[in-house]
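Here's a quick briefing for anyone meeting this structure for the first time. Take a look at it below, then read on for a few spots worth finding.

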Amino acid sequence: MNRPDHTAPLPLLLVGVHGHGRSHLRALLPLAKAGTIRLVGVCDRRPPVPGDDLEGHGEVPYFDDLATALKRTRARLTVLVTPIHTHLPLATVALEHGSHLLLEKPTTPSLAQLTLLEDAVQASGLACQIGFQSLGSEAIDEVHRLVGEGALGTLRGIGAAGAWKRTSAYYDRAPWAGRRRMDGHEVVDGALTNPFAHAVATSLALARAESGAPSSLELEMYHAHPIESDDTSSLRLRTEEGTTLTVAVTLCAPDSRPPAITLHGDRADLTLEYTLDRLTLHQPGQEPRTTTHGRVNLMENLVAHVREGVPLLVPPERTRGFTHVLDAVRTAPDPRPVTAEHQEVYRQEGVTHRSISGIEPLVHESARSLALFSELGAPWARPAPTNTEVPQ
Ligand SMILES: NC(=O)c1ccc[n+]([C@@H]2O[C@H](COP(=O)([O-])OP(=O)(O)OC[C@H]3O[C@@H](n4cnc5c(N)ncnc54)[C@H](O)[C@@H]3O)[C@@H](O)[C@H]2O)c1
């Protein structure tokens, strides 16, 4: 007897196979083994190398064109893991062919494109999940619970700090890496909008401000690498409800450490390390209390939504607050260079590592004091040129 449709594996197409698409293939393998999905094809401008077993899925048809791939495979789910400026055009093709989507973050390279995507999703009646995996964390609900029951007292603000080491290899891997725009397209591949996009989006979610516009926004952007976009940035915004939120990040740290978002209350502080789903409550006079939380897998949630109508965790509209930040980055003046005297530069086997002197304590001080780099006296920093009231 044939199995009813709703239990048959959903045919899935992966688009973008050579970069972060590999992590998607690995994450999809248990779902394929459980019979939840079935990889029916891969699409990329460059074919997989001969003998590539696609992280254990085995050989599947390869296509260099998305419309053809969708017609031939009849995929019901498409995972888009391609450069930022291709998100809207490729997502539109997938929706036109009747395929639900998991679209990587950042959703789109402008607010205007986000609106176009939302409209296309709504018109199609299909589902679109945005790949902000940190928004699947159950730690976010726990933060809301603790804040709701008054464990932190009155909230003074939320400060995020991120310090990672990304060498020149990170920028050499793809032509769009570190670009603000390219070939007439908006790209907006900066520290706040791409590698630390989760820091921004998760901070907004903690402030319950992920779907609206901030009421004001200040932005300082710098780069130590010889790139067009920012690798070191500091942001302060006020949410619609009046919460102050800062995000200070760098890709020019001596080493990489888990980013941390701290909610500062007058009775206690609460820190979320969003890559680890780990929460630490700091109460005066008491030992810090750390708990680790579960995380809902965004693909499993998408499948449950498609099959059983379970609410979708990260629809495009949940990324509107983030996209307001992205739009501010997109329209801001070019980042200022951090000059050589403020950098330690290491070269090894064709790769250059740039570390900005004192950057790690600086991002943490920003998250503690809710101050911008220039206000903390960083010798290379200048007051934000883009202190803007955001039009509502
Ligand atoms: N959620 C996360 O934690 C996370 C992590 C890394 C990257 N990402 C996102 O994933 C996306 C891809 O990033 P990446 O670093 O893998 O990029 P990449 O440039 O390294 O890889 C992109 C792949 O897409 C292919 N491609 C480019 N244009 C295409 C087109 N028109 N049609 C089909 N294939 C095309 C390229 O050949 C390449 O194989 C970006 O949106 C990025 O922000 C998300």
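Which of the 23 residues around the ligand come nearest? They are His 20, Asp 44, Arg 173, Trp 176 and Asn 194. Keep in mind as you look around that this is a predicted model.

**Around the ligand**

- Asn 194 also makes a polar contact: a polar atom of its side chain sits 2.8 Å from one of the ligand's oxygen atoms.
- Gln 133 does something along those lines, with a side-chain N or O atom 2.9 Å from an oxygen atom of the ligand.
- With Glu 104, the partner is a nitrogen atom of the ligand, which lies 3.0 Å from a polar side-chain atom of that residue.
- How much of the ligand does the protein bury? On its own the ligand would expose 860 Å², and the protein buries 85% of that.

**Two helices side by side**

- In general, a pair of packed helices is described by the angle between the axes and the distance between them.
- Here, the pair to find is α3 (residues 87–96) and α4 (residues 111–124), whose axes come within 10 Å and cross at roughly 5°.
- Angles under 35 degrees count as roughly parallel, so α3 and α4 are roughly parallel to each other.
- On the α3 side, the contact is made by Leu 88, Ala 91 and Leu 95.
- On the α4 side, look for Gln 113, Leu 116, Leu 117, Ala 120, Val 121 and Ser 124.
- Sorted by class, this contact of α3 with α4 has 7 nonpolar residues, 2 polar ones and no charged ones.

**Backbone oddities in two loops**

- Where does Pro 106 lie? You'll find Pro 106 in the loop between β5 (100–103) and α4.
- The peptide bond joining Lys 105 and Pro 106 is cis, with an omega of about -15°.
- Another loop, between α2 (66–73) and β4 (77–80), is home to Arg 74.
- Arg 74 isn't a glycine, yet it has a positive phi of about 55°.

Note on methods
Residues numbered from 1 in each chain as written. Predicted model: local features only at pLDDT ≥ 70, side-chain atom pairs only at ≥ 80, totals over all residues. Heavy atoms only, no water. Axes fitted to C-alpha atoms, helices over the stretch in contact; angles between N-to-C directions. Helix = DSSP H or I, 4+ residues; strand = E, 2+ residues; numbered from the N terminus. Parallel < 35°, antiparallel > 145°, perpendicular 65-115°, else oblique. Contact = heavy atoms within 4.5 Å. Nonpolar A, V, L, I, M, F, W, Y, C, P; charged D, E, K, R; others polar. Near = heavy atom within 4 Å. Polar contact = N/O pair within 3.5 Å; in protein donor to acceptor, adjacent residues only side chain to side chain. Areas by Shrake-Rupley, 256 points an atom, 1.4 Å probe, with all protein chains shown as cover.
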